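Here is a short tour for a first look. Keep the sequence and the 3D view open side by side.

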Amino acid sequence: MQAVRARHRFKFAACGLLLALALFGSAFLGFALVDVFFKLSVSSRVFWMALTLGGVAAALFLAVVRPRRRMGGPLPIARQIEVAFPQLEQQLSTALEFAGDPEYSRTYSSPELVGALVHQARSRSEPLPFGKTVRWRPVLVAALVSFLAATGVTLYASLEQRLFRATWQRFIHPTAAL
């Protein structure tokens, strides 16, 4: 179950970083388009950069921090695994409940029964591929969006090198007199 938890954490981090990259690249492309046509003032450039950094921070928070907080402890992950593998018949979550709290175990059962339950849950769950319970589709979507934004920035940089350098400098250093 720790491997499933680690995969979830990796998924959240990858999704967040890819979305932040996509947002930053898209914000730059939008900035470049507007700046080329309207020659933005310093205050407008600072506002655009603040909006970009705020968006990147929000993307990281919503894709990494928030899901990690909502993931919970081992019990919700065990229940998620039991939904994916009904043959476990809630043995995994029950074993975690009883084995995780010795006082609860002594009050409602005997240590021998709990030990047998933990052993049975371990033996029934060992051959199962728990990694398949993690959905990777959000990471793939984030990777696609990030790839499209990176492709747009790369095309702009290769087709209009002088203009790209100027708008990049104005985007990264909004207060500079360029």
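## Aromatic pairs

This is a predicted model. The structure holds 13 aromatic pairs. One of them joins Tyr156 and Phe164. Their ring centres are 5.5 Å apart, and the planes meet at 75 degrees. That makes the pair edge-to-face.

Are these two residues buried or exposed? The cut-off for buried is under 20% relative accessible area. Tyr156 has 15% relative accessibility, so Tyr156 counts as buried. Phe164 has 16%, so Phe164 counts as buried too.

The pair also belongs to a wider group. Phe24, Phe28, Phe31, Trp48, Tyr156, Phe164, Trp168 and Phe171 form one aromatic cluster.

## Helix H7

Tyr156 is one of the buried residues of helix H7. The others are Val139, Ala142, Ser146, Ala149 and Val153. In general, residues three or four places apart in an α-helix point the same way, because the helix has 3.6 residues a turn.

What do the buried residues of H7 pack against? They pack against two helices: H1, residues 2-38, and H8, residues 161-172.

The length of H7 can be checked as well. H7 covers residues 137-159, which is 23 residues. At 1.5 Å a residue, H7 should span 33 Å. The C-alpha atoms at its ends are 33 Å apart, so the model agrees with the expected span.

## The nonpolar cores

Nonpolar side chains tend to be buried together in soluble globular proteins. Here, the largest nonpolar core has twelve residues. They are Val4, Phe12, Met71, Ile77, Ala78, Ile81, Phe85, Leu88, Leu92, Leu128, Phe130 and Val134. Which helices each supply at least two residues of this core? They are H1 and helix H3, residues 74-84. H3 gives the most, with three residues.

A second, separate core has ten residues. Among them are Ala27, Phe31, Leu40 and Phe171. Phe31 and Phe171 are also members of the aromatic cluster.

## Ile77 and His8

Two residues show the local contacts in this region. Leaving out residues up to four places away in sequence, Ile77 touches Met1, Val4, Arg5 and Met71. Val4 and Met71 are, with Ile77, members of the largest core.

His8 sits in helix H1. His8 counts as buried because its relative accessibility is 6%. With the sequence neighbours up to four places away again left out, His8 touches Met71, Gln80 and Val134. Met71 and Val134 belong to the largest core.

Conventions:
Residues are numbered from 1 along each chain as its sequence is written. This is a predicted model: local features need pLDDT of at least 70, side-chain atom pairs count only at pLDDT 80 or more; totals for chains, interfaces and linings use all residues. Side-chain values use heavy atoms; hydrogens and water are left out. Helices (H or I, at least four residues) and strands (E, at least two) are DSSP runs, numbered from the N terminus. The expected span of a helix is 1.5 Å times one less than its number of residues. Buried means under 20% relative accessible area, exposed over 50%, partly exposed in between (1.4 Å probe, protein chains only). Contact means heavy atoms within 4.5 Å. A nonpolar core is a set of buried Ala, Val, Leu, Ile, Met, Phe, Trp, Tyr and Cys residues joined through side-chain atoms within 4.5 Å. Rings of Phe, Tyr and Trp (its six-membered ring) pair if their centres lie within 6.5 Å; planes under 30 degrees apart count as stacked, over 60 as edge-to-face and the rest as tilted.
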